[in-house]
Amino acid sequence: NGRLVTGIVTRDKTAKTRRVEIDRLVRHARYGKFVKRRTVCYVHDEANESHLGDTVEIIESRPLSKTKRWELVKIVKKA
């Protein structure tokens with residue numbers, strides 16, 4: 001049972017795989033300014049239901065391939 005996060009689909013070209021970006025704000029160590037950072041996750045989408053720009057909920061799972069470690073839970077908002 002892995003952690004549950006929300007992100008935006010940024011690539012949907014591959015079959016059954018989506019690239020999801022999770023944006024976060026991180027405080028700069030020295031200057032204190034908030035900096036945008038992003039985490040890129042490759043997500044398994046069995047039914048090819050999510051598409052570019054969709055907001056999705058994903059869960060951590062066992063490694064499915066060299067880069068895929070996440071599975072699609074549900075589509076929160078269609079693009």
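A residue is called buried here when its relative accessible area is under 20%, exposed when over 50%, and partly exposed in between, computed with a 1.4 Å probe on protein chains only. By that yardstick Asp-45 is buried, with a relative accessible area of 1%, and we will come back to its partner shortly. The model is predicted, so local features need pLDDT of at least 70 and side-chain atom pairs count only at pLDDT 80 or more, while totals for chains, interfaces and linings use all residues. Residues are numbered from 1 along each chain as its sequence is written, and side-chain values use heavy atoms, with hydrogens and water left out.

Let us start with the fold. Five strands close into a barrel in the order 1-2-3-5-4, with mixed pairing. From one strand to the next the twist averages 50 degrees, taking axes as lines fitted to C-alpha atoms and angles from 0 to 180 degrees between N-to-C directions. Strands are DSSP runs of E with at least two residues, numbered from the N terminus, and two of them pair if DSSP finds at least two bridges between them. Strands of a sheet pair through backbone hydrogen bonds, either parallel or antiparallel. Strand 1 (residues 4-11) and strand 2 (residues 17-27), for example, run antiparallel and share three bridges; here Ile-8 stands opposite Glu-21 in strand 2.

Now look at the nonpolar core, meaning a set of buried Ala, Val, Leu, Ile, Met, Phe, Trp, Tyr and Cys residues joined through side-chain atoms within 4.5 Å. The largest one has ten residues, among them Val-9, Ile-22, Cys-41, Val-56 and Trp-70. Each of strand 1, strand 2, strand 3, strand 4 and strand 5 (68-77) supplies at least two residues of this core. Val-56 is a good one to click on: this residue belongs to strand 4 and is buried at 1% relative accessibility. Counting contacts as heavy atoms within 4.5 Å, and setting aside residues up to four places away in sequence, Val-56 touches ten residues that include Val-5, Val-20, Leu-72 and Val-76. Arg-30, by comparison, is 26 residues from Val-56 in sequence and 33 Å away in space, C-alpha to C-alpha. Trp-70, with residues up to four places away again left out, touches Cys-41, Val-43, Ile-58 and Leu-64, among others.

Next come the charged pairs. A salt bridge is a side-chain nitrogen of Lys or Arg within 4 Å of a carboxyl oxygen of Asp or Glu, and the whole structure has seven of them. In one, Lys-16 and Glu-46 bring their closest N and O atoms to 2.8 Å. Lys-16 sits in the loop between strand 1 and strand 2 and Glu-46 in the loop between strand 3 and strand 4, so this pair ties together parts 30 residues apart in sequence. Lys-16 is partly exposed, at 34% relative accessible area. Asp-45, our opening residue, meets Arg-18 at 3.6 Å, N to O; Arg-18 is itself buried, at 3%. Arg-19, Glu-21 and Arg-38 are linked in a salt-bridge network.

Finally, visit Asp-54, in the loop between strand 3 (34-44) and strand 4 (55-60). This residue counts as buried at 2% relative accessibility, and its side chain reaches the backbone nitrogen of His-51 at 2.9 Å. Asp-54 also forms a salt bridge with Lys-78 (3.7 Å, N to O), a residue in the segment after strand 5 and 24 residues away.

How values were computed: Helix = DSSP H or I, 4+ residues; strand = E, 2+ residues; numbered from the N terminus. Polar contact = N/O pair within 3.5 Å; in protein donor to acceptor, adjacent residues only side chain to side chain.
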